[in-house]
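User: Could you take a close look at the last helix of this chain, setting it in the context of the whole fold and of the unusual backbone features elsewhere? I would like a careful, connected account.

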Amino acid sequence: MDSCIQELEFSHLHIPVTINSKFLVHPSSQTPANQSPHHSLYLSNLDDTVGARVLTPSVYFYRSSNDQTKTRDCLVLKRFQDALGEVLVPYYPLSGRLREVENGKLEVFFGAEQGALMVSASSSKALDDLGDLTVPNPAWLPLIFQYPKEEAYKILEMPLLIAQVTFFTCGGFSLGIRLCHCICDGFGAMQFLGSWAATAKNGKLIADPEPVWEREVFKPRNPPMVKYTHHEYLAVEERSNLTNSLWETKPLQKCYRINKEFQCRVKSIAQGQDSSLVCSSFDAMAAHIWKSWVKALDVKPLEYNLRLTFSVNVRTRLEALKLRKGFYGNVVCLACATSSVNNVMNDSLSKTTKLVQEARVRVTEDYLRSMVDYVEVKRPKRLEFGGKLMITQWTRFEMYETADFGWGKPVYAGPIDLRPTPQVCVLLPQGGVESGGDQSMVVCLCLPSSAVHDFTRLLSLK
(Lines give C-alpha, C1' and ligand atoms only; values in the text may rest on other atoms or scores of the structure.)
Protein backbone atom coordinates (compact mmCIF):
# COMPACT_ATOMS: atom_id res chain seq x y z
CA MET A 1 0.00 0.00 0.00
CA ASP A 2 1.10 3.57 -0.68
CA SER A 3 3.04 4.83 2.37
CA CYS A 4 0.79 7.91 2.31
CA ILE A 5 -2.19 5.66 3.09
CA GLN A 6 -2.29 3.34 6.09
CA GLU A 7 -5.00 0.73 6.57
CA LEU A 8 -5.85 0.84 10.27
CA GLU A 9 -6.74 -2.19 12.35
CA PHE A 10 -8.71 -2.30 15.57
CA SER A 11 -9.02 -4.98 18.23
CA HIS A 12 -12.03 -7.27 18.26
CA LEU A 13 -12.74 -7.48 21.96
CA HIS A 14 -15.42 -7.47 24.60
CA ILE A 15 -15.41 -4.60 27.10
CA PRO A 16 -17.21 -5.56 30.33
CA VAL A 17 -18.92 -2.47 31.75
CA THR A 18 -20.86 -2.18 35.01
CA ILE A 19 -23.33 0.68 35.40
CA ASN A 20 -22.86 2.02 38.92
CA SER A 21 -25.40 4.84 38.94
CA LYS A 22 -27.66 6.96 36.73
CA PHE A 23 -28.93 10.40 37.63
CA LEU A 24 -30.39 13.50 36.01
CA VAL A 25 -28.40 16.74 36.04
CA HIS A 26 -30.47 19.91 36.15
CA PRO A 27 -29.44 23.52 35.54
CA SER A 28 -27.80 24.78 38.72
CA SER A 29 -29.92 27.96 38.82
CA GLN A 30 -33.13 29.41 37.41
CA THR A 31 -33.76 29.37 33.66
CA PRO A 32 -36.68 30.58 31.51
CA ALA A 33 -38.06 27.03 31.69
CA ASN A 34 -38.63 27.46 35.45
CA GLN A 35 -40.57 30.68 34.99
CA SER A 36 -43.48 29.25 32.99
CA PRO A 37 -45.23 25.88 33.36
CA HIS A 38 -45.88 25.79 29.61
CA HIS A 39 -42.50 26.96 28.33
CA SER A 40 -41.57 25.50 24.94
CA LEU A 41 -39.04 26.31 22.23
CA TYR A 42 -39.40 26.45 18.46
CA LEU A 43 -37.14 24.28 16.31
CA SER A 44 -36.41 25.35 12.74
CA ASN A 45 -36.82 23.03 9.77
CA LEU A 46 -33.03 22.81 9.70
CA ASP A 47 -33.17 21.35 13.21
CA ASP A 48 -36.15 19.17 12.37
CA THR A 49 -35.00 17.29 9.28
CA VAL A 50 -35.37 13.52 9.37
CA GLY A 51 -31.56 13.16 9.36
CA ALA A 52 -31.25 15.26 12.54
CA ARG A 53 -33.66 13.06 14.50
CA VAL A 54 -30.88 11.14 16.15
CA LEU A 55 -28.78 11.16 19.31
CA THR A 56 -25.27 11.42 17.82
CA PRO A 57 -22.80 9.22 19.75
CA SER A 58 -19.14 10.05 20.34
CA VAL A 59 -16.49 8.99 22.85
CA TYR A 60 -13.49 10.71 24.42
CA PHE A 61 -10.62 8.81 26.10
CA TYR A 62 -8.39 10.30 28.81
CA ARG A 63 -5.20 8.73 30.13
CA SER A 64 -4.58 8.02 33.80
CA SER A 65 -2.68 10.08 36.31
CA ASN A 66 -0.72 8.64 39.23
CA ASP A 67 -3.80 8.75 41.46
CA GLN A 68 -5.85 5.64 40.67
CA THR A 69 -8.12 5.57 43.70
CA LYS A 70 -11.87 5.45 44.03
CA THR A 71 -11.63 8.93 45.53
CA ARG A 72 -10.22 10.22 42.26
CA ASP A 73 -13.07 8.56 40.34
CA CYS A 74 -15.57 10.40 42.51
CA LEU A 75 -13.76 13.70 42.00
CA VAL A 76 -13.68 13.21 38.22
CA LEU A 77 -17.40 12.43 38.14
CA LYS A 78 -18.15 15.42 40.38
CA ARG A 79 -16.18 17.75 38.09
CA PHE A 80 -18.18 16.58 35.07
CA GLN A 81 -21.49 16.80 36.97
CA ASP A 82 -20.95 20.19 38.60
CA ALA A 83 -19.73 21.79 35.38
CA LEU A 84 -22.66 20.33 33.45
CA GLY A 85 -25.12 21.79 35.96
CA GLU A 86 -23.50 25.20 35.52
CA VAL A 87 -23.39 25.11 31.72
CA LEU A 88 -27.00 23.87 31.49
CA VAL A 89 -28.12 27.29 32.73
CA PRO A 90 -27.24 29.15 29.48
CA TYR A 91 -27.74 25.92 27.48
CA TYR A 92 -30.99 25.05 29.27
CA PRO A 93 -32.72 23.70 26.11
CA LEU A 94 -30.51 20.62 26.46
CA SER A 95 -32.30 19.85 29.74
CA GLY A 96 -35.66 19.63 27.97
CA ARG A 97 -37.33 16.94 25.88
CA LEU A 98 -38.76 16.71 22.36
CA ARG A 99 -42.39 16.21 21.39
CA GLU A 100 -44.34 16.31 18.16
CA VAL A 101 -46.92 19.03 17.58
CA GLU A 102 -48.99 19.85 14.49
CA ASN A 103 -48.06 18.09 11.26
CA GLY A 104 -45.44 16.01 13.06
CA LYS A 105 -43.15 18.99 13.72
CA LEU A 106 -40.88 18.86 16.75
CA GLU A 107 -40.54 21.33 19.60
CA VAL A 108 -38.62 21.39 22.89
CA PHE A 109 -40.72 21.24 26.04
CA PHE A 110 -39.95 21.11 29.76
CA GLY A 111 -41.80 18.71 32.03
CA ALA A 112 -41.27 16.83 35.26
CA GLU A 113 -38.70 14.44 33.72
CA GLN A 114 -36.21 17.00 32.48
CA GLY A 115 -32.46 17.28 32.83
CA ALA A 116 -29.44 15.72 31.14
CA LEU A 117 -28.73 12.09 32.02
CA MET A 118 -25.37 11.22 33.55
CA VAL A 119 -24.18 7.66 34.02
CA SER A 120 -21.27 6.44 36.14
CA ALA A 121 -19.75 3.14 35.02
CA SER A 122 -16.64 1.04 35.52
CA SER A 123 -14.77 -1.62 33.57
CA SER A 124 -12.39 -4.39 34.61
CA LYS A 125 -10.20 -3.47 31.62
CA ALA A 126 -7.34 -0.98 31.40
CA LEU A 127 -7.17 1.48 28.50
CA ASP A 128 -4.19 -0.41 27.07
CA ASP A 129 -6.41 -3.49 26.78
CA LEU A 130 -8.59 -1.64 24.26
CA GLY A 131 -5.99 -1.68 21.48
CA ASP A 132 -5.36 1.30 19.22
CA LEU A 133 -7.31 4.20 20.72
CA THR A 134 -6.91 6.32 17.59
CA VAL A 135 -9.14 4.09 15.43
CA PRO A 136 -12.94 4.13 15.95
CA ASN A 137 -13.94 0.67 17.14
CA PRO A 138 -17.47 -0.82 17.30
CA ALA A 139 -16.34 -2.72 20.40
CA TRP A 140 -16.50 0.58 22.31
CA LEU A 141 -20.30 0.62 22.18
CA PRO A 142 -20.68 -0.29 25.92
CA LEU A 143 -19.04 3.09 26.69
CA ILE A 144 -22.15 4.85 25.35
CA PHE A 145 -25.29 4.46 27.46
CA GLN A 146 -28.40 3.07 25.85
CA TYR A 147 -31.60 2.14 27.64
CA PRO A 148 -32.43 -1.57 27.70
CA LYS A 149 -34.47 -2.47 24.59
CA GLU A 150 -34.22 1.16 23.41
CA GLU A 151 -36.02 1.69 20.12
CA ALA A 152 -33.69 2.63 17.25
CA TYR A 153 -33.67 6.39 16.51
CA LYS A 154 -35.96 7.10 19.46
CA ILE A 155 -35.77 10.79 20.37
CA LEU A 156 -39.24 11.73 21.65
CA GLU A 157 -39.21 12.33 25.41
CA MET A 158 -35.58 11.14 25.58
CA PRO A 159 -32.86 13.11 27.38
CA LEU A 160 -31.27 15.40 24.80
CA LEU A 161 -27.85 14.82 26.34
CA ILE A 162 -26.67 11.50 27.75
CA ALA A 163 -23.14 11.35 29.19
CA GLN A 164 -21.52 8.15 30.48
CA VAL A 165 -18.24 8.33 32.39
CA THR A 166 -16.51 4.93 32.45
CA PHE A 167 -13.55 4.34 34.75
CA PHE A 168 -10.83 1.82 33.84
CA THR A 169 -8.50 -0.07 36.18
CA CYS A 170 -5.47 1.96 35.05
CA GLY A 171 -7.02 5.21 36.28
CA GLY A 172 -7.95 6.36 32.80
CA PHE A 173 -11.55 7.03 31.86
CA SER A 174 -13.83 7.72 28.92
CA LEU A 175 -16.64 10.18 28.36
CA GLY A 176 -19.30 8.71 26.08
CA ILE A 177 -21.79 11.29 24.82
CA ARG A 178 -25.08 11.06 22.95
CA LEU A 179 -26.21 14.53 21.89
CA CYS A 180 -29.45 15.29 20.06
CA HIS A 181 -28.70 16.57 16.55
CA CYS A 182 -32.01 18.51 16.56
CA ILE A 183 -30.54 20.89 19.14
CA CYS A 184 -27.22 21.59 17.47
CA ASP A 185 -25.14 20.72 14.45
CA GLY A 186 -21.47 19.77 14.73
CA PHE A 187 -20.32 23.36 15.14
CA GLY A 188 -22.98 24.00 17.79
CA ALA A 189 -22.01 20.78 19.57
CA MET A 190 -18.38 21.93 19.69
CA GLN A 191 -19.49 25.27 21.15
CA PHE A 192 -21.48 23.51 23.90
CA LEU A 193 -18.75 20.95 24.60
CA GLY A 194 -16.14 23.70 24.74
CA SER A 195 -18.20 25.60 27.30
CA TRP A 196 -18.71 22.47 29.42
CA ALA A 197 -14.99 21.61 29.27
CA ALA A 198 -13.82 25.16 30.04
CA THR A 199 -16.24 25.36 32.97
CA ALA A 200 -14.93 22.06 34.35
CA LYS A 201 -11.30 23.10 33.87
CA ASN A 202 -11.68 26.55 35.46
CA GLY A 203 -14.20 25.76 38.19
CA LYS A 204 -16.57 28.53 37.12
CA LEU A 205 -19.10 29.05 34.34
CA ILE A 206 -17.49 29.97 31.03
CA ALA A 207 -19.88 30.50 28.14
CA ASP A 208 -17.93 32.34 25.47
CA PRO A 209 -19.62 33.01 23.16
CA GLU A 210 -22.89 33.33 25.03
CA PRO A 211 -25.28 30.75 23.53
CA VAL A 212 -28.06 32.06 21.29
CA TRP A 213 -31.26 30.09 20.50
CA GLU A 214 -33.27 32.25 18.00
CA ARG A 215 -34.35 29.37 15.73
CA GLU A 216 -37.16 31.60 14.40
CA VAL A 217 -34.57 33.15 12.07
CA PHE A 218 -35.11 30.13 9.82
CA LYS A 219 -38.90 30.07 9.80
CA PRO A 220 -40.34 29.03 6.42
CA ARG A 221 -41.68 31.65 4.06
CA ASN A 222 -45.42 32.20 3.73
CA PRO A 223 -46.29 30.84 1.26
CA PRO A 224 -43.35 28.41 0.97
CA MET A 225 -41.20 28.79 -2.17
CA VAL A 226 -39.42 25.58 -3.14
CA LYS A 227 -37.09 26.71 -5.91
CA TYR A 228 -34.82 23.66 -6.26
CA THR A 229 -35.38 19.94 -6.80
CA HIS A 230 -33.59 18.85 -3.60
CA HIS A 231 -32.44 15.48 -4.88
CA GLU A 232 -30.98 14.78 -1.43
CA TYR A 233 -34.47 14.17 -0.02
CA LEU A 234 -36.19 12.47 -2.94
CA ALA A 235 -37.37 8.91 -2.53
CA VAL A 236 -35.47 6.84 -5.09
CA GLU A 237 -36.30 3.24 -5.83
CA GLU A 238 -33.33 1.05 -4.97
CA ARG A 239 -32.75 -0.75 -8.26
CA SER A 240 -29.05 -1.36 -7.69
CA ASN A 241 -27.22 -4.06 -5.74
CA LEU A 242 -26.15 -1.59 -3.04
CA THR A 243 -28.83 -2.68 -0.58
CA ASN A 244 -27.81 -6.33 -0.78
CA SER A 245 -24.11 -5.45 -0.58
CA LEU A 246 -24.33 -3.21 2.46
CA TRP A 247 -27.54 -3.92 4.38
CA GLU A 248 -28.25 -7.60 3.86
CA THR A 249 -24.70 -8.76 4.57
CA LYS A 250 -22.59 -7.99 7.62
CA PRO A 251 -20.34 -5.15 6.43
CA LEU A 252 -16.95 -4.51 7.97
CA GLN A 253 -15.99 -1.13 9.39
CA LYS A 254 -12.75 -0.06 7.70
CA CYS A 255 -10.50 2.91 8.46
CA TYR A 256 -7.63 4.43 6.48
CA ARG A 257 -5.21 7.13 7.58
CA ILE A 258 -4.44 9.44 4.65
CA ASN A 259 -1.67 11.98 5.01
CA LYS A 260 -1.70 15.54 3.70
CA GLU A 261 0.71 14.69 0.87
CA PHE A 262 -1.70 12.14 -0.61
CA GLN A 263 -4.66 14.52 -0.29
CA CYS A 264 -2.70 17.14 -2.25
CA ARG A 265 -1.75 14.52 -4.84
CA VAL A 266 -5.40 13.60 -5.45
CA LYS A 267 -6.28 17.27 -5.85
CA SER A 268 -3.38 17.78 -8.27
CA ILE A 269 -4.49 14.81 -10.38
CA ALA A 270 -8.03 16.22 -10.62
CA GLN A 271 -6.81 19.71 -11.56
CA GLY A 272 -4.19 18.29 -13.92
CA GLN A 273 -6.92 16.60 -15.95
CA ASP A 274 -8.83 19.88 -16.32
CA SER A 275 -6.88 23.14 -16.09
CA SER A 276 -10.13 25.13 -15.66
CA LEU A 277 -11.14 23.19 -12.51
CA VAL A 278 -10.96 25.16 -9.29
CA CYS A 279 -11.66 22.77 -6.43
CA SER A 280 -10.91 22.16 -2.77
CA SER A 281 -9.05 19.16 -1.35
CA PHE A 282 -12.41 17.97 -0.02
CA ASP A 283 -13.99 18.08 -3.49
CA ALA A 284 -11.22 15.91 -4.93
CA MET A 285 -11.03 13.47 -2.00
CA ALA A 286 -14.83 13.07 -1.88
CA ALA A 287 -14.88 12.31 -5.62
CA HIS A 288 -11.99 9.86 -5.24
CA ILE A 289 -13.66 8.04 -2.33
CA TRP A 290 -16.99 7.92 -4.20
CA LYS A 291 -15.39 6.47 -7.35
CA SER A 292 -13.36 3.92 -5.35
CA TRP A 293 -16.44 2.87 -3.35
CA VAL A 294 -18.68 2.41 -6.41
CA LYS A 295 -16.02 0.45 -8.31
CA ALA A 296 -15.14 -1.77 -5.35
CA LEU A 297 -18.81 -2.59 -4.76
CA ASP A 298 -19.21 -3.29 -8.49
CA VAL A 299 -22.55 -1.46 -8.43
CA LYS A 300 -25.08 -2.47 -11.10
CA PRO A 301 -26.97 -1.66 -13.29
CA LEU A 302 -24.65 0.81 -14.98
CA GLU A 303 -27.46 3.20 -15.97
CA TYR A 304 -28.69 3.54 -12.36
CA ASN A 305 -28.37 7.06 -10.92
CA LEU A 306 -26.31 7.45 -7.77
CA ARG A 307 -26.16 10.28 -5.22
CA LEU A 308 -23.30 11.61 -3.16
CA THR A 309 -24.45 13.84 -0.29
CA PHE A 310 -22.46 15.86 2.23
CA SER A 311 -23.26 18.65 4.63
CA VAL A 312 -22.25 22.25 3.92
CA ASN A 313 -21.91 24.83 6.69
CA VAL A 314 -23.99 27.80 5.49
CA ARG A 315 -23.01 30.20 8.30
CA THR A 316 -20.50 32.03 6.11
CA ARG A 317 -22.90 32.13 3.13
CA LEU A 318 -25.76 33.98 4.79
CA GLU A 319 -26.49 37.46 3.49
CA ALA A 320 -30.06 38.58 4.22
CA LEU A 321 -30.45 36.28 7.22
CA LYS A 322 -28.34 37.38 10.15
CA LEU A 323 -27.17 35.12 12.97
CA ARG A 324 -25.82 36.43 16.23
CA LYS A 325 -22.50 35.10 17.48
CA GLY A 326 -23.17 32.12 19.71
CA PHE A 327 -26.00 30.64 17.64
CA TYR A 328 -25.66 26.88 18.13
CA GLY A 329 -28.53 25.47 16.08
CA ASN A 330 -28.35 23.63 12.79
CA VAL A 331 -27.05 25.81 9.95
CA VAL A 332 -25.97 23.02 7.63
CA CYS A 333 -27.53 22.00 4.36
CA LEU A 334 -27.09 18.79 2.39
CA ALA A 335 -25.35 19.15 -0.95
CA CYS A 336 -26.07 16.45 -3.51
CA ALA A 337 -24.09 15.36 -6.56
CA THR A 338 -25.76 12.92 -8.95
CA SER A 339 -24.38 10.71 -11.68
CA SER A 340 -24.93 7.30 -13.24
CA VAL A 341 -23.01 4.25 -12.07
CA ASN A 342 -21.27 4.11 -15.44
CA ASN A 343 -20.13 7.73 -15.24
CA VAL A 344 -18.90 7.50 -11.65
CA MET A 345 -16.91 4.42 -12.57
CA ASN A 346 -15.50 5.58 -15.91
CA ASP A 347 -15.38 9.38 -15.96
CA SER A 348 -12.11 11.08 -15.12
CA LEU A 349 -11.44 12.14 -11.52
CA SER A 350 -11.65 15.78 -12.63
CA LYS A 351 -15.16 15.31 -14.05
CA THR A 352 -16.44 13.66 -10.88
CA THR A 353 -14.65 16.27 -8.76
CA LYS A 354 -16.44 18.98 -10.73
CA LEU A 355 -19.81 17.38 -9.83
CA VAL A 356 -18.89 17.55 -6.15
CA GLN A 357 -17.61 21.11 -6.47
CA GLU A 358 -20.77 22.25 -8.26
CA ALA A 359 -22.99 20.61 -5.63
CA ARG A 360 -21.05 22.35 -2.85
CA VAL A 361 -21.17 25.78 -4.51
CA ARG A 362 -24.90 25.36 -5.23
CA VAL A 363 -25.64 25.53 -1.49
CA THR A 364 -26.34 29.23 -0.96
CA GLU A 365 -28.67 31.12 1.36
CA ASP A 366 -31.32 30.87 -1.37
CA TYR A 367 -30.85 27.10 -1.56
CA LEU A 368 -31.08 26.82 2.23
CA ARG A 369 -34.32 28.81 2.33
CA SER A 370 -35.75 26.61 -0.42
CA MET A 371 -34.78 23.54 1.61
CA VAL A 372 -36.48 24.96 4.72
CA ASP A 373 -39.65 25.47 2.66
CA TYR A 374 -39.33 21.98 1.13
CA VAL A 375 -39.28 20.40 4.59
CA GLU A 376 -42.30 22.52 5.57
CA VAL A 377 -44.29 21.28 2.56
CA LYS A 378 -43.12 17.65 2.39
CA ARG A 379 -42.02 16.90 5.98
CA PRO A 380 -39.95 13.81 4.98
CA LYS A 381 -40.42 10.99 7.48
CA ARG A 382 -37.68 8.56 6.51
CA LEU A 383 -34.05 8.64 5.49
CA GLU A 384 -33.63 7.84 1.81
CA PHE A 385 -30.62 5.61 1.11
CA GLY A 386 -31.39 4.67 -2.51
CA GLY A 387 -28.13 4.82 -4.51
CA LYS A 388 -26.55 7.09 -1.93
CA LEU A 389 -23.18 7.57 -0.24
CA MET A 390 -23.22 10.18 2.54
CA ILE A 391 -19.92 11.79 3.56
CA THR A 392 -19.75 13.42 6.98
CA GLN A 393 -16.85 15.77 7.68
CA TRP A 394 -15.70 15.72 11.30
CA THR A 395 -12.40 17.15 10.06
CA ARG A 396 -13.94 20.62 10.37
CA PHE A 397 -14.32 20.34 14.15
CA GLU A 398 -11.70 21.09 16.80
CA MET A 399 -12.76 18.07 18.83
CA TYR A 400 -9.46 17.54 20.61
CA GLU A 401 -8.79 21.18 21.49
CA THR A 402 -12.39 21.62 22.65
CA ALA A 403 -12.56 18.61 24.97
CA ASP A 404 -9.93 19.51 27.61
CA PHE A 405 -11.87 19.26 30.88
CA GLY A 406 -8.71 19.78 32.93
CA TRP A 407 -6.99 16.47 32.17
CA GLY A 408 -5.46 17.53 28.86
CA LYS A 409 -6.60 16.72 25.34
CA PRO A 410 -8.25 13.33 24.85
CA VAL A 411 -6.33 10.45 23.27
CA TYR A 412 -9.27 9.97 20.91
CA ALA A 413 -12.40 11.98 20.14
CA GLY A 414 -14.98 10.84 17.63
CA PRO A 415 -17.56 8.26 16.57
CA ILE A 416 -17.64 4.54 17.34
CA ASP A 417 -19.76 2.36 15.07
CA LEU A 418 -20.83 3.14 11.49
CA ARG A 419 -22.35 -0.26 10.73
CA PRO A 420 -25.97 0.68 11.59
CA THR A 421 -25.83 3.15 8.65
CA PRO A 422 -23.38 1.46 6.23
CA GLN A 423 -23.82 4.08 3.49
CA VAL A 424 -22.16 6.74 5.63
CA CYS A 425 -18.48 7.63 5.29
CA VAL A 426 -16.91 9.73 8.06
CA LEU A 427 -13.79 11.87 7.62
CA LEU A 428 -12.00 12.34 10.95
CA PRO A 429 -9.09 14.57 11.94
CA GLN A 430 -5.90 12.87 13.08
CA GLY A 431 -5.77 14.29 16.60
CA GLY A 432 -5.04 13.43 20.18
CA VAL A 433 -2.19 14.09 22.53
CA GLU A 434 0.33 12.23 20.37
CA SER A 435 -0.63 13.65 16.96
CA GLY A 436 1.88 16.51 17.02
CA GLY A 437 -0.14 18.63 14.60
CA ASP A 438 -0.40 15.84 12.01
CA GLN A 439 -2.67 17.01 9.17
CA SER A 440 -3.65 13.48 8.16
CA MET A 441 -7.28 12.49 8.11
CA VAL A 442 -8.91 9.15 8.86
CA VAL A 443 -11.48 7.84 6.37
CA CYS A 444 -14.00 5.46 7.98
CA LEU A 445 -16.66 3.56 6.06
CA CYS A 446 -18.36 0.16 5.78
CA LEU A 447 -17.62 -2.46 3.16
CA PRO A 448 -18.61 -6.07 2.55
CA SER A 449 -15.60 -8.32 3.07
CA SER A 450 -15.55 -9.13 -0.66
CA ALA A 451 -14.94 -5.45 -1.54
CA VAL A 452 -12.22 -4.56 0.98
CA HIS A 453 -9.22 -5.56 -1.16
CA ASP A 454 -10.46 -3.70 -4.24
CA PHE A 455 -11.43 -0.59 -2.31
CA THR A 456 -8.05 -0.45 -0.56
CA ARG A 457 -6.25 -0.81 -3.92
CA LEU A 458 -8.41 1.83 -5.64
CA LEU A 459 -8.16 4.29 -2.75
CA SER A 460 -4.36 3.94 -2.96
CA LEU A 461 -4.48 4.88 -6.68
CA LYS A 462 -3.30 1.45 -7.75
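Analyst: What follows begins with the fold as a whole, turns to the helix, and then goes on to particular backbone sites and one buried side chain.

The model is a predicted one, and it contains ten helices and 16 strands. Its radius of gyration is 22 Å, close to the 23 Å that the globule rule gives for 462 residues, so the protein is as compact as a globular protein of that length. The C-alpha trace spans about 60 × 55 × 40 Å along the principal axes, and 58% of the 462 residues are buried. If one takes the contacts between residues at least 6 apart in sequence, 83% of them join residues at least 24 apart. The accessible surface comes to about 19,400 Å², and carbon and sulfur atoms account for 50% of that area. As for charge, the mean position of the 51 positive charges and that of the 48 negative charges are 1 Å apart.

Against that background, helix α10 covers residues 452-459, and its buried residues are Val-452, Phe-455, Thr-456, Leu-458 and Leu-459. These residues cover an arc of only 165° around the axis, which puts them on the same side of α10. The spacing can be read against helix geometry: an α-helix has 3.6 residues a turn, so residues three or four places apart point the same way. The cover over the buried residues of α10 comes from several parts of the chain, including the strands β1 (5-8), β10 (252-258) and β16 (441-447), and the helices α4 (260-273) and α5 (281-297) are also among the elements that cover them. Just after α10, the backbone at Leu-461 takes a positive phi of about 65°.

Helix α5, one of the elements covering α10, also borders a loop with backbone features of its own. In this loop, between α5 and β11 (305-313), lies Pro-301, and the peptide bond that leads to Pro-301 from Lys-300 is cis, with omega near 0°. Asp-298 is found in the loop between α5 and β11 as well; its phi is near 50°, a positive value in a residue other than glycine, and with a relative accessible area of 40% Asp-298 is partly exposed.

Another positive phi, of about 45°, occurs at Arg-379, which is not a glycine either. Arg-379 is found in the loop between α8 (365-378) and β13 (388-393), and, with a relative accessible area of 6%, Arg-379 is buried. A cis peptide bond also joins Asn-222 and Pro-223, where omega is about 0°, and Pro-223 lies in the loop between α2 (186-202) and α3 (242-246).

Helix α2, which precedes that loop, holds Phe-192, a residue that is buried with a relative accessible area of 2%. Leaving aside residues up to four places away in sequence, Phe-192 touches Leu-84, Val-87, Tyr-91, Leu-94 and Leu-161. The C-alpha atoms of Phe-192 and Asp-208 are separated by 9.6 Å, and these two residues stand 16 residues apart along the chain.

To return to the helix you asked about, the main point is that the buried residues of α10 lie on the same side of the helix, within an arc of only 165°, and that their cover includes both β1 and β16.

Conventions:
Residues are numbered from 1 along each chain as its sequence is written. This is a predicted model: local features need pLDDT of at least 70, side-chain atom pairs count only at pLDDT 80 or more; totals for chains, interfaces and linings use all residues. Side-chain values use heavy atoms; hydrogens and water are left out. Helices (H or I, at least four residues) and strands (E, at least two) are DSSP runs, numbered from the N terminus. The radius of gyration is taken over C-alpha atoms; the globule rule is 2.2 Å times the number of residues to the power 0.38. Buried means under 20% relative accessible area, exposed over 50%, partly exposed in between (1.4 Å probe, protein chains only). Contact means heavy atoms within 4.5 Å. Accessible areas come from the Shrake-Rupley method with a 1.4 Å probe; for residues, only the protein chains shown count as cover. Lys and Arg count as positive and Asp and Glu as negative; His and the chain ends are not counted. The place of a charge is taken as NZ of Lys, CZ of Arg, CG of Asp or CD of Glu. The arc is that of the directions from the helix axis to the C-beta atoms.
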